[in-house]
Amino acid sequence: MLIPKQASKAWCGAFLVGSLALASCNQTFNTQINLIPEPSEMSISAGVFKIDSAGLFGNAGSKHVHFAVNPELSELPAEGYRLRIDGDGVQLDARTEAGLFYGKQTLLQLLTPEGLPYVDITDAPRFAYRGLHLDVSRHFFPKEEVMKIMNAMAYYKLNTLHLHLTDAAGWRIQIDKYPKLTSEAAYRTESDWRKWWDSSTDRKYLTEGTPGAYGGYYTKEDIRDILAYAKEKHINVIPEIEFPGHSEEVFIAYPELCCAGKPYTSSDFCIGNPKSFQFMEDVLTEVMELFPSEYIHVGGDEASKAAWKKCPKCQALMKREHLKDVNELQSYMIHHADSFLTSKGRKMIGWDEIMEGGLSPQATVMSWRGESAGFQTARMGQDVVMTPGNYLYFDFYQADPRKQPFAIGGYTPIRKVYSYNPLPADSLTAEEAKHILGVQANTWTEYITTPEHLEYMMFPRALAVAEIGWTPQDKRDWQDFKSRVNTQIPVLQKMGLNPFPLSYELDFSMDVDTANKQITVYLDAEKYPAEIRYTTDGSVPTSSSPLYQDGIIVKDSADIRAAIFEQGKLMGEPSEKRVDYHLGIGKSIHFNNRLYPGYMAGGEQALLDGYRGGLTYLDGRWQGYTDNLDCVIDLGETTELHSVSSRYMQLTGPWVYQPLYVELLISEDGKNFTSQGQIPTTISPDDAMLNFQTYTFNGDWKARYIQLKAKNQKGFIFVDEVVIW
């Protein structure tokens, strides 16, 4: 019979056959299946095959444990496998060594002190490309750390490591023809990247061996060691060498390659200089001699392009090649890289900026600035790896930024990572969909200085990526994944990693019901299992507070505080959310200043829809402005008013600031407005941490029209709701 995977039981006792302990039956115990990624097809039967790790992997080929690679198994994809465990033993079949390897990872995950549960699995990945990116330029990590990460990647069936080897923060790979890249451009004056990058006087590079110099690089022998380990783990390592931007460090060693011919003047290669092309070919040649990967990454992102507009050499090249702008000039260099790599039997891959000025015909795109570039590339008939920043950047916060190590910004908890689908239904035709190679998460390390912090940011979010890349979309479910990923924290720790232990914070979502004039609030937790108790009056919940089950209905206002309890003890700090079904919901609003099109949130009604924003301005609930906020709300009739409030966010890393002040004006005719005063911000623009301030005006007024103004001091201002009572 088949047993649900979270509740199977088996009656068994052991007898020995040779060195193997096999299942006979004499006792009962729970068998819980917590595989990550979830297999394509799996059935579970009552029974356990009694065996330990030594018996399983030391007796392969015996009559009880049989592993086989059979190229004739055409029904299995290249990385697929078929696994059957029953009373006769273990049978694992695959068409390739890679498939056999992944079947063995499944066995490792299934193995318990009692043995292996009876299962029948037919499994293969949804996508061929399942990757993690690691930036070793901003902070250098030794080869041992890279291998440690690859060990965990293999266990969860991730098969591609993208190594970001060069950037302005340091060159990290030995190149024999250009030795000064490592002797002069791999070390800098300051370990704190933010302090170094923002410095007007100390943003300098140092010669290798200088006392106090910070940095490092991989020798060619180091790279060979990394690649040998990767081969054992069936991981493809893709090197990235940046062109034409992000290359300040190159010009410290070889200043003739930038437009001014002097260091500390530009971030971009001089495309009008033939030596730049010679350098690119020489470096890529040595990289290809080391790396066997089909793909070589050339960057292509965020080039300044400013120097090209004034450079005589660049301008002469543009005129000679009939290039209409600097976008086409960049494309000229990228096309050259593509042709060169193609001539060597390799493929070029780059960030989605390589599309600007015209996409090279053989190029593969990494779509990081959202998904549109990826879908556009696929529609053009070219390959793409999906890696949108809002879902798959692991330098973003994964829990409340106010309680986490400093990060670049954003808020991407594991549930958001897991929610990503690289290929939504009906987004592409069947033929176009073939060009979506897979998915990759990126770990940029500006603010990640130690191996422990690196692991904390990558894991367990990397496990969500593993399941996105492997498991069929219709088999993926957050609640199910949540129960499994919680069991993997101690597994990761046993691997010697330092994973984020998952948060006791709660996630709030809302459903605004205008027909019944109420808001239903839903709570979710990363921890599993989770006993959630809550209050609605702002008080701290206790073990006797109401138990959360399936939603909290609010018909006016509530200060909801909720927390997880274990054995009657409150775990962590309570999470909180203010909820108002207020007088302004659904009323009309007019903006006197232009809305910023990139951060419209829920559209023009976003400030009056009842939905409150969360911990990131990217959650679709915060409306953003680069100008002042100036809006007029029409309540439809003269109304008695007592309170008008609005809440703003500050996170200075991405240039999000509090307004200098907020002003309230009211009117009965929509023409003559009376100011009710201004409330200044109490948060310094120098405070880099995530901050919120609510600006509340209280009084006794009669008005039909409400005008709200917020003075922008710099960057963006973000507001989530105007609450009217």
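No disulfides are present in the structure, the count being zero, and the model on which this result rests is a predicted one. A disulfide is a covalent bond between the sulfur atoms of two cysteines. For the assignment made here, the two sulfur atoms must lie within 2.5 Å of each other. Cys 258 does not meet this criterion, because the closest cysteine sulfur, that of Cys 259, is 6.9 Å away, too far for a bond. The sulfur of Cys 259 has its closest cysteine sulfur in Cys 311, at 3.7 Å, and this separation is likewise too far for a bond. With regard to solvent accessibility, Cys 258 is buried, its relative accessible area being 3%, whereas Cys 259 is partly exposed, with a value of 21%. The assignment of Cys 259 follows from the cut-offs, because buried denotes a relative accessible area under 20% and exposed one over 50%.

Strands 22, 23 and 25 form an open sheet of three strands, arranged in the order 22-23-25 with antiparallel pairing. Strand 22 and strand 25 occupy the edges and have a single partner strand each, so one side of each is left without a neighbour in the sheet. From one strand to the next, the twist averages 25°. Strand 23, comprising residues 518-525, is mostly covered, with seven of its eight residues buried.

The pairing between strand 22 (residues 506-513) and strand 23 is antiparallel and extends over eight bridges. Within this pairing, Phe 508 has Leu 523 of strand 23 as its bridge partner. The hairpin formed by strand 22 and strand 23 has four residues between the strands, and in this hairpin Lys 517 adopts a positive phi near 50°. Strand 23 also pairs with strand 25 (residues 552-554), again in the antiparallel sense, over three bridges. Two residue pairs illustrate the register of this pairing: Val 521 stands opposite Ile 552 of strand 25, and Ile 519 stands opposite Val 554 of strand 25.

A further set of antiparallel pairings involves strand 7, which spans residues 116-123 and is mostly covered, six of its eight residues being buried. Strand 3 (residues 41-49) runs antiparallel to strand 7, and six bridges join the two. Val 48 has Pro 117 of strand 7 as its bridge partner. Strand 5 (residues 81-86) is likewise paired with strand 7 in the antiparallel sense, over five bridges. In strand 7, Asp 123 is the residue opposite which Tyr 81 stands.

Helix packing was examined for helix 16 and helix 17. The axes of helix 16 (residues 461-470) and helix 17 (residues 478-494) come within 10 Å and cross at roughly 130°. The two helices are therefore oblique to each other, because an angle counts as roughly antiparallel over 145 degrees and as roughly perpendicular from 65 to 115 degrees. The crossing in which helix 16 passes helix 17 is right-handed. On the side of helix 16, the contact is made by Leu 463, Ala 464 and Glu 467, and on the side of helix 17 by Phe 481, Arg 484, Val 485, Gln 488 and Leu 492.

Terms used: Residues numbered from 1 in each chain as written. Predicted model: local features only at pLDDT ≥ 70, side-chain atom pairs only at ≥ 80, totals over all residues. Heavy atoms only, no water. Buried < 20%, exposed > 50% of the residue type's maximum accessible area, 1.4 Å probe, protein only. Pairing = 2+ DSSP bridges. Axes fitted to C-alpha atoms, helices over the stretch in contact; angles between N-to-C directions. Parallel < 35°, antiparallel > 145°, perpendicular 65-115°, else oblique. Left-handed = near helix turned anticlockwise from the far one by under 90°. Contact = heavy atoms within 4.5 Å.
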